[in-house]
Amino acid sequence: MKSSGFRKQSQDEIKQKQAIKFARNIESEGSQINSKALETPKGKKLRKKKSNLAKLKKQLWQLCREIQIKKYGSDCYTCPSKNLEGSSRHLGHFIPSSVCSTAMRYDLDNLRVQCYSCNIHKSGNWLAYERHLIQDGIDVQELKDRNEKTKGGMFREEWYKEQITKYQSLLSTTTPNTTPT
Ligand SMILES: [Zn+2]
């Protein structure tokens, strides 16, 4: 009785295992189909959303450039290089973009025209940068505090749109800075 019971049980087990295996095959095929079917519209939606945000970021960055060039001209803020243009005319961060908050990435106090060499090779040439900011009356410590305070904040499309509107009107009222830097 015991052995036949065992045998019966194991036969049942085999059937059960086969059934599970079969079900799993169907499930995995099904899930592949399902995930493919879901992926495309979801993926498209994500890409569209991302590119929209990327466009806003680009637009805001372009405005930062235009404002600062209009205000400070095209001379390097941190070395004697003058009349920069094209790819040698950068807009450099005082608090580097790698460690600054999103707000500070587009904060005009944190941005100045720099040459390629100062911005890239000298990593912002921050000693000269700091000296000039202080000369310009920028409270550098307050700038660093502002960065800490705005870190980890949520910056959605709305924030970029608000900044763009703000900077568009700022650009129209920006005049060249008369104090020599
Ligand atoms: Zn320079």
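Leaving aside neighbours within four places in sequence, N83 is in contact with S74 and D75, two residues being in contact if their C-beta atoms, placed from the backbone, lie within 7 Å. The structure is a predicted model, in which local features need pLDDT of at least 70 and side-chain atom pairs count only at pLDDT 80 or more, whereas totals for chains, interfaces and linings use all residues. Residues are numbered from 1 along each chain as its sequence is written. N83 is found in the loop between α1 (2-72) and β1, and N83 is exposed, since 10 other C-beta atoms lie within 10 Å; a residue is termed buried if 20 or more other C-beta atoms lie within 10 Å of its own, exposed if 12 or fewer, and partly exposed in between, with C-beta atoms placed from the backbone. The C-alpha atoms of N83 and C115 are separated by 9.6 Å, although these residues are 32 apart along the chain.

The secondary structure of the chain comes to 6 helices and 2 strands, and from the N terminus on the elements run α-β-α-β-α-α-α-α. Helices (H or I, at least four residues) and strands (E, at least two) are DSSP runs, numbered from the N terminus. Buried residues make up 18% of the 181 residues in the chain, and among contacts between residues at least 6 apart in sequence, 80% join residues at least 24 apart.

The confidence of the prediction is described by pLDDT, the predictor's confidence in each residue, from 0 to 100. The chain averages a pLDDT of 83, and 71% of the residues score at least 70. Among the elements of the chain, the highest mean pLDDT belongs to β2 (98) and the lowest to α1 (66). Over residues 1-5 the pLDDT is below 50, and this stretch has 0 contacts in the model beyond near neighbours in sequence. Over residues 25-40 the pLDDT is likewise below 50, again with 0 contacts beyond near neighbours in sequence.

Strand β1 (residues 89-93) is joined to β2 by 5 bridges, and the two strands run antiparallel; strands are taken to pair if DSSP finds at least two bridges between them. Within this pairing, the bridge partner of H90 in β2 is Q114. Strand β2 (residues 111-115) is mostly covered, with 5 of its 5 residues buried. In a regular strand the side chains alternate between the two faces of the sheet. In β2, L111, V113 and C115 point one way and R112 and Q114 the other way, and all are buried.

V113, found in strand β2, counts as buried because it has 24 C-beta neighbours inside 10 Å. Not counting residues up to four places away in sequence, V113 touches Q68, I69, Y72, S74, D75, C76, Y77, L84, R89 and L91. V113 and L84 are 29 residues apart in sequence and 8.8 Å apart in space, C-alpha to C-alpha.

A nonpolar core is defined as a set of buried Ala, Val, Leu, Ile, Met, Phe, Trp, Tyr and Cys residues joined through C-beta atoms within 7 Å. The largest such core has 11 residues in all, namely C76, Y77, F94, I95, C100, M104, V113, C115, C118, Y129 and L133. To this core, β2 and α4 (126-135) each supply at least two residues. A second, separate core of 8 residues includes C64, Y106, L111 and Y167. L133 touches F94, I138 and V140, not counting residues up to four places away in sequence.

G124 lies in the loop between α3 (116-121) and α4 and counts as buried because it has 22 C-beta neighbours inside 10 Å. Leaving aside neighbours within four places in sequence, G124 is in contact with G92, H93, F94, P96, C118, N119 and Y129. The C-alpha atoms of G124 and H93, which are 31 residues apart along the chain, are separated by 6.8 Å.

For helix α6 (residues 157-173), the expected span is 1.5 Å times one less than the number of residues, so the 17 residues should span 24 Å, which agrees with the 25 Å between the end C-alpha atoms. In α6, Y160, Q163 and Y167 are buried. These three residues cover an arc of only 65° around the axis, which puts them on the same side of α6, the arc being that of the directions from the helix axis to the C-beta atoms. The face of α6 turned away from the buried side carries the exposed residues E158, E162, T165, K166, S169, S172 and T173.
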